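Work through the following exercises with the sequence and the model side by side. Each task is followed by a solution in steps.

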Amino acid sequence: MDLQNLHKERRVAFWGQVLPYLGYVIQSGLAVVFGFALIAFAAWYTSLLMHIPPDLPIRWIMLIVAIPIAHTSFRTYLNAADIVFLRPQEHAMHQYFKASRIRGVVYKIFGLLLLTIILWPLYIRSDAAPKPLLLTLLLFVLLKLLFSYGGWQELRMVSVGGSVGYRLLRWVLAVLMVAAWLWQPPLHSLPFILLVGVVYVIVLRLPVKLLVAWEKLIRTEGMQAARVMRTLGWFVDVPALTQRVTPRHWLSWLGGNIPWNRRGAYRYLLFKTFLRTEPAGIVIRLGILGLLIIYITHASWIGIAVYLFFIFLIGVQITSLRQYHKDSLWLQLYPIPAHSRRASFLDFVVRLTLPAAVVLWLPFLAKGTEDLLTTLLTLVGGVLVVFLIRGAQAKKWRLDGQDEEEV
């Protein structure tokens with residue numbers, strides 16, 4: 001069996017299913033919004049380069065931009081049947097995974113280099129001792145290759161706890177290595193980075209690994225395919241795929257005060273679905289990142305724009321729950337009217353997005369009584385964005401015909 005060709009056929013088949021939906025995404029106005037956003041960013045960035053604040057924390061900004069150097073993901077296009085039909089070829093599966101590993105790092109390197117080059121004019125104008133561009137790009141590429149290797153080894157580890165521990169180690173080392181490069185002279189930082197990299201490669205060899213971790217790779221592939229479909233689901237109805245369920249006991253209290261009656265049933269289902277699926281993790285990460293960036297930029301209007309943007313991002317993740325139970329058979333069997341589901345969903349969106357808007361607004365309080373009116377108007381703007389998101393979802397619900405009672 002030609003395993004390399006099999007991988008190519010599966011990749012073409014998957015993206016062949018996705019491409020027909022891209023036309024609807026473009027028709028939704030996303031391209032126009034992206035174009036205006038690009039123009040606005042170019043104008044703002046040009047103005048920033050011409051009037052750079054003297055206290056701009058450029059090294060922290062560079063660190064935040066470079067931290068995703070530790071992120072890894074690989075599309076294998078495996079499915080459950082492969083445990084039976086491809087297992088006899090397990091000894092040769094490295095041929096199949098070769099394309100996955102190459103594609104899993106090339107696009108990310110390109111994105112990382114693009115962000116670095118865009119930020120570089122600001123960096124060299126703000127940092128007292130900027131590092132050379134080519135050496136920085138080369139270092140980032142090598143670190144990306146290193147952590148991609150580590151991410152692939154984590155997928156092969158037998159121990160679930162060990163895999164989680166090594167994932168945490170990967171992110172910690174990424175922060176330490178990039179920070180060492182940005183804050184220390186090259187003669188001090190490069191030996192440190194080299195030593196840490198060598199030790200990391202050595203410790204990656206310690207855990208017991210499988211030749212092919214079939215179950216983990218199939219589960220990971222299902223999650224990534226579902227993520228693509230869920231993104232398309234923001235613009236057009238797409239087939240639902242299996243979602244990973246993650247118990248989060250420390251958040252189980254959310255939704256616990258919802259009354260056990262017919263009116264609260266669908267809201268309760270939405271809360272529990274949110275807590276146990278991927279959007280909850282994304283919202284938490286967005287919240288932490290948003291708080292950090294807003295705190296850094298809260299003294300300028302940039303902070304207000306970042307604040308509103310992160311509310312929108314969090315709202316997008318929360319409203320993705322609209323598609324999770326749309327075709328559920330149980331909702332057709334239980335006596336929950338469609339209009340009740342709509343009201344419960346919109347209430348669910350506000351109950352989660354509004355507290356997030358308030359929490360993200362807290363860094364603006366660091367300004368104290370200075371420009372208090374702007375601080376309060378910023379919160380008003382955040383609340384307005386929340387209800388705009390609610391209104392957009394109400395409109396989508398009507399356009400989908402979900403207000404109509406099922407017969």
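**Exercise 1.** Determine which residues Thr353 contacts, leaving aside its neighbours within four places in sequence.

Solution. Start with the contacts: with contact meaning heavy atoms within 4.5 Å, Thr353 meets Ile311, Gly315, Ile318, Val386 and Ile389. Next, place the residue: Thr353 belongs to helix α13, residues 338-361. Helices here are DSSP runs of H or I with at least four residues, numbered from the N terminus. Last, check accessibility: the relative accessible area of Thr353 is 1%, and buried means under 20% (1.4 Å probe, protein chains only), so Thr353 is buried.

The model is predicted: local features need pLDDT of at least 70, side-chain atom pairs count only at pLDDT 80 or more, and totals for chains, interfaces and linings use all residues. Residues are numbered from 1 along each chain as its sequence is written, and side-chain values use heavy atoms, with hydrogens and water left out.

**Exercise 2.** Describe the largest nonpolar core and state which helix gives the most to it.

Solution. A nonpolar core is a set of buried Ala, Val, Leu, Ile, Met, Phe, Trp, Tyr and Cys residues joined through side-chain atoms within 4.5 Å. The largest one has 33 residues, and Phe274, Tyr307, Phe345 and Phe348 have the most contacts inside it. At least two residues come from each of α9 (265-276), α10 (278-297), α11 (301-319), α13 and α14 (372-399). Of these, α13 gives the most, with 9 residues. Now take Phe348: beyond four places in sequence, its contacts are Arg267, Leu270, Phe271, Phe274, Ile318 and Leu321. Another core, of 32 residues, lies apart from this one and includes Tyr45, Met62, Leu139 and Leu182.

**Exercise 3.** Characterise the packing of α2 against α6.

Solution. First, the geometry: α2 (residues 58-66) and α6 (residues 160-183) pack at about 145 degrees, their axes 10 Å apart. Axes are lines fitted to C-alpha atoms over the stretch in contact, and angles run from 0 to 180 degrees between N-to-C directions. Second, the residues: Arg59, Trp60, Met62, Leu63 and Ala66 of α2 meet Val175, Val178, Ala179, Leu182 and Trp183 of α6.

**Exercise 4.** Is Met157 buried or exposed?

Solution. Met157 sits in the loop between α5 (133-156) and α6. Its relative accessibility is 2%, so Met157 counts as buried. For a pair distant in sequence, take Pro207: Met157 and Pro207 are 50 residues apart in sequence, yet 6.5 Å apart in space, C-alpha to C-alpha. Not counting residues up to four places away, Met157 touches Pro207 among others, including Tyr166, Leu204 and Lys216.

Key. Buried means under 20% relative accessible area, exposed over 50%, partly exposed in between (1.4 Å probe, protein chains only).
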